[in-house]
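Here is my note on the model you sent round. Please keep the sequence and the structure open as you read.

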Amino acid sequence: LGFSEPGSPSFFTMPFNASRQLQLYLTPLSGNVDLYVSAVDPKPKGDEWSGGSSDFSTHLYTSDKAGLEADSVTIEARALCGDAGACPEEVHVGVVSSPLAVAAALFQLTATQLDTDSSASSGTAVTLSAGLPLDGSLAETEEAHYMFVVPNASDDTVLTLTVITAGDPDLYVSVGPALSDPAEQQVWPTATSGARWSGNAFGGERLLVPAAELREEAAGSCEQPSGCALFLSVVAYSQTG
């Protein structure tokens, strides 16, 4: 969590691993903050207030979100390293509140290192981590698959599916023993088969998996050494990001 005072941006430096993707997710909790990313400017979007560079051509990402709208970007090696393969070791992030704001903005900034093949796209199976968002896109009728290993079967689990750009994704969830690789899962839940919990409202979804239902449905697998996992299918009713 952080604060951005009006006219006083907050700046962060994130390590960058060229063999992985860096995913940044900014959630405004109050006020209007914007996200800016650069590999060379230590104070991206800081020129008006903190002496940063005004050369926006050096920015990898420039926010266009408004109000409490969440902001995210995935930085890949090809965007930083170029043809010569000279990769920076860090990325600079600016979280900026308007100098005209009347109060400080509260925000949450999450940075996640992802394997280069761990993106949300059709035909993949990805392991999710608690509290770490993952973004992606799907064409109409495509689906993506995820496994979430339940850290504590005594607690309820909340699954949140947010539409960042546009689209109408649906969410289908089943439960079973945790696997070392989600690609080993043979049967994924669908609208017509295998889903113990589902969400098919228009737009995003927020799905509660009660702990009591989880343990009942898991039929003892949560007590096994590997624990239990939720298996998620995200299906795009229309093109989705």
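The points below go from the overall fold to single residues.

1. **Overall make-up.** This is a predicted model. The protein has three helices and 15 strands. Of its 241 residues, 41% are buried. Take the contacts between residues at least 6 apart in sequence: 74% of them join residues at least 24 apart.

2. **The five-strand sheet.** One open sheet holds five strands in the order S9-S10-S15-S12-S13. The pairing is mixed. Strand S9 (125–128) and S13 are the edge strands, each pairing on one side only. On average, neighbouring strands of this sheet are turned by 20° against each other, direction ignored.

3. **Strand S10 and its two partners.** S10 spans residues 143–149 and runs antiparallel to S15, with seven bridges between them. Towards S9 the pairing is parallel, over four bridges. Tyr146 shows both sides of this arrangement. Leu232 in S15 stands opposite Tyr146, and so does Val126. Glu143 has Val235 in S15 as its bridge partner. Is S10 buried or exposed? Five of its seven residues are buried, so S10 is largely enclosed by the rest of the structure.

4. **Helix H3 against the strands.** H3 covers residues 211–218, and its buried residues are Ala211, Leu214 and Ala218. These three cover an arc of only 60° around the axis, which puts them on the same side of H3. The spacing fits a general rule. An α-helix has 3.6 residues a turn, so residues three or four places apart point the same way. What do the buried residues of H3 pack against? They meet strand S12 (169–177), strand S13 (197–199), strand S14 (205–209) and strand S15 (228–236). Just after H3, Ala219 takes a positive phi of about 55°. Please look at that residue in the model.

5. **The salt bridges.** How many salt bridges does a search of the whole structure find? There are two. In one, the side chains of Glu213 and Arg196 meet at 3.5 Å, N to O. Glu213 is in helix H3 and Arg196 in the loop between S12 and S13, so this pair links distant parts of the chain, 17 residues apart. Arg196 also forms a salt bridge with Glu217, where the closest N and O atoms are 3.1 Å apart. Because Glu217 lies in helix H3 and Arg196 in the loop between S12 and S13, this pair ties together parts that are 21 residues apart in sequence. Shared partners join Arg196, Glu213 and Glu217 into one network.

6. **Accessibility of the network.** Are these charged residues buried or partly exposed? Glu213 is partly exposed, at 28% relative accessibility. Arg196 is also partly exposed, with a relative accessible area of 34%. Glu217 is partly exposed too, at 38%. The class runs from 20% to 50% relative accessible area, so each of the three values falls inside it.

7. **Asp170, a buried acid without a partner.** Asp170 is found in strand S12. Asp170 is buried yet has no salt bridge. Where is the nearest side chain of opposite charge? That side chain belongs to Arg206, 16 Å away. A salt bridge needs a nitrogen within 4 Å of a carboxyl oxygen, so 16 Å is outside the limit. Leaving out residues up to four places away in sequence, Asp170 touches Leu161, Gly199, Asn200, Ala201, Glu205, Ser233, Val234, Val235 and Tyr237. One of these, Val235, is the bridge partner of Glu143 noted in point 3.

8. **Val33, a buried strand residue.** Val33 is found in strand S4 (residues 33–38). Its relative accessibility is 2%, so Val33 counts as buried, the cut-off being under 20%. Which residues are in contact with Val33, leaving aside neighbours within four places in sequence? They are Ser4, Leu26, Pro28, Val95, Val96, Ser97, Ala105 and Phe107. Ala105 deserves a look. Val33 and Ala105 are 72 residues apart along the chain, yet their C-alpha atoms are separated by 6.7 Å.

Key: Residues numbered from 1 in each chain as written. Predicted model: local features only at pLDDT ≥ 70, side-chain atom pairs only at ≥ 80, totals over all residues. Heavy atoms only, no water. Buried < 20%, exposed > 50% of the residue type's maximum accessible area, 1.4 Å probe, protein only. Helix = DSSP H or I, 4+ residues; strand = E, 2+ residues; numbered from the N terminus. Arc of directions from axis to C-beta. Contact = heavy atoms within 4.5 Å. Lys, Arg positive; Asp, Glu negative; His and termini not counted. Pairing = 2+ DSSP bridges. Axes fitted to C-alpha atoms, helices over the stretch in contact; angles between N-to-C directions.
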